[in-house]
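Colleague: Could you walk me through one part of this model closely, and then show me how it sits in the rest of the chain? I would like the cut-offs spelled out as you go.

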Amino acid sequence: VVANIPPQTLARAAVPLYVLAVVLLVGVALFGVVVNGSRRWLNLGITRIQPSELMKIALPLMLAWYFQKFEGRIGWKDFVLAAVLIAIPAILVKRQPDLGTALLLISSGFFVLYLAGLSWKIIVGLFVAVGAAAPVLWTLLHDYQRRRILTFIDPTQDPLGAGYHTTQASIAIGSGGVVGKGWLNGTQTHLDFLPERHTDFIFAVFGEEFGLIGNVLLVFLYLLLVGRGMMIAADASTLFGRLMAGAVTLMLFTYAFVNMGMVSGVLPVVGVPLPFISYGGTALLSLFIGL
């Protein structure tokens with residue numbers, strides 16, 4: 001259905017969709033359902049939705065619409081306003097708390113700014129500023145988020161607690177070897193050693209059952225998908241099309257990169273699904289809409 005909607009019709013829906021997503025995020029903060037200590041879902045009676053997933057589409061759509069509207073006369077004030085549009089949902093999602101999704105929202109917005117022509121000097125300056133502000137940002141993190149970062153640096157310091165996920169995932173991927181143990185034959189998975197095996201840590205299940213060959217094939221398929229998306233962005237006839245296609249494609253790449261990096265111990269643990277493989281309702285829907 002979404003694929004058959006003309007791009008300019010999508011552009012006209014950008015502002016109402018962004019406003020709706022922000023209102024739903026405020027609704028989560030006020031009336032949201034708490035699951036595992038996080039208030040991320042909104043109960044609509046017939047189903048539960050995760051508004052932060054809707055925002056992953058609404059935010060780049062809004063930014064792409066805005067930059068197309070002022071195409072040819074984009075100045076630093078436009079980039080400042082865009083940063084505000086990114087900060088509002090990011091702060092609301094961070095409060096849930098859901099740092100992983102907040103960072104993904106910031107990155108999806110940043111991709112649009114980069115594709116819209118944000119200066120390299122500003123980009124480097126932002127990275128330097130974030131690095132300088134790291135001690136302050138550390139104090140704003142929740143205790144479990146700090147533990148995840150410390151565990152990332154040394155998973156062995158708490159192997160049965162904060163480091164359990166990473167340790168078990170590494171064992172699963174490593175035990176798969178080159179060719180894997182075969183479909184449904186993964187011991188780490190089916191003997192319940194591996195937590196969150198149907199969502200965030202499904203890459204470890206895949207690695208254990210299909211081995212290095214399966215992992216390489218999966219990465220190759222993601223690269224084909226990302227490459228095709230960037231070709232579509234490069235060939236787009238309008239600024240809106242280029243920004244939207246580029247942002248969604250790079251967001252898809254970020255999803256896959258962060259999930260695989262988290263599961264293999266290259267990045268700290270954050271709640272990010274593996275695109276089109278992890279079980280999920282709203283997340284899977286938002287990825288398909290983006291595609």
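Modeller: Happy to! Let's start with helix 2, where A14, Y18, A21, V22, L24, L25, G27 and V28 are buried. Buried here means under 20% relative accessible area, exposed means over 50%, and partly exposed is in between, with a 1.4 Å probe and protein chains only. Helices (H or I, at least four residues) and strands (E, at least two) are DSSP runs, numbered from the N terminus. Please keep in mind that this is a predicted model: local features need pLDDT of at least 70, side-chain atom pairs count only at pLDDT 80 or more, and totals for chains, interfaces and linings use all residues. Residues are numbered from 1 along each chain as its sequence is written, and side-chain values use heavy atoms, with hydrogens and water left out.

What lies over those buried residues of helix 2? The cover includes helix 1 (7-12), strand 2 (38-43), strand 3 (48-49), helix 3 (51-69) and helix 4 (76-94). As for its geometry, helix 2 runs over residues 14-31, and its 18 residues should span 26 Å at 1.5 Å a residue; the end C-alpha atoms are 25 Å apart, which agrees. That expected span is 1.5 Å times one less than the number of residues in the helix.

Two of these covering elements, strand 3 and helix 3, are joined by a loop that holds Q50. Q50 has a relative accessible area of 12%, so it counts as buried. Beyond residues up to four places away in sequence, Q50 touches R40, W41, D98 and T282, where contact means heavy atoms within 4.5 Å.

Helix 4, another part of that cover, can be read in much the same way. Its own buried residues are D78, F79, A82, L85, I86, P89, A90, L92 and V93, and what covers them includes helix 2, helix 3 and helix 5. The 19 residues of helix 4 should span 27 Å, and its end C-alpha atoms are 26 Å apart, which agrees.

From helix 4 we can step across to helix 5 (residues 99-115), where L105 is found. L105 is buried because its relative accessibility is 0%. Leaving aside neighbours within four places in sequence, L105 is in contact with S52, M55, K56, L59, I86, P89, A90 and V93. L105 also leads us towards a later part of the chain: L105 and L252 are 147 residues apart in sequence, yet 12 Å apart in space, C-alpha to C-alpha.

That brings us to helix 12 (residues 239-263), whose 25 residues should span 36 Å and whose end C-alpha atoms are 36 Å apart, which agrees. Helix 12 is mostly covered, with 22 of its 25 residues buried. N259 is found in helix 12 and is buried, with a relative accessible area of 0%. Outside its neighbours within four places in sequence, the contacts of N259 are D200, F203, V272, P273 and L274. R242 is also found in helix 12, but R242 is partly exposed at 34%. R242 touches L115, A233 and A236, residues up to four places away in sequence not being counted. R242 and M231 are eleven residues apart in sequence and 9.7 Å apart in space, C-alpha to C-alpha.

Helix 12 is followed by G265, whose phi is positive, near 85 degrees. Most residues other than glycine have a negative phi. F276 has a positive phi of about 65 degrees although it is not a glycine. You will find F276 in the loop between helix 12 and helix 13 (282-290), and with a relative accessible area of 27% it is partly exposed.

Finally, the whole chain. Its secondary structure comes to 13 helices and three strands, and buried residues make up 42% of the 291 residues. A compact globule with 291 residues would have a radius of gyration near 19 Å; the chain has 20 Å, which agrees. That radius is taken over C-alpha atoms, and the globule rule is 2.2 Å times the number of residues to the power 0.38. Along its principal axes, the C-alpha trace spans about 55 × 45 × 40 Å. Among contacts with a separation of 6 or more, 64% come from residues 24 or more positions apart.
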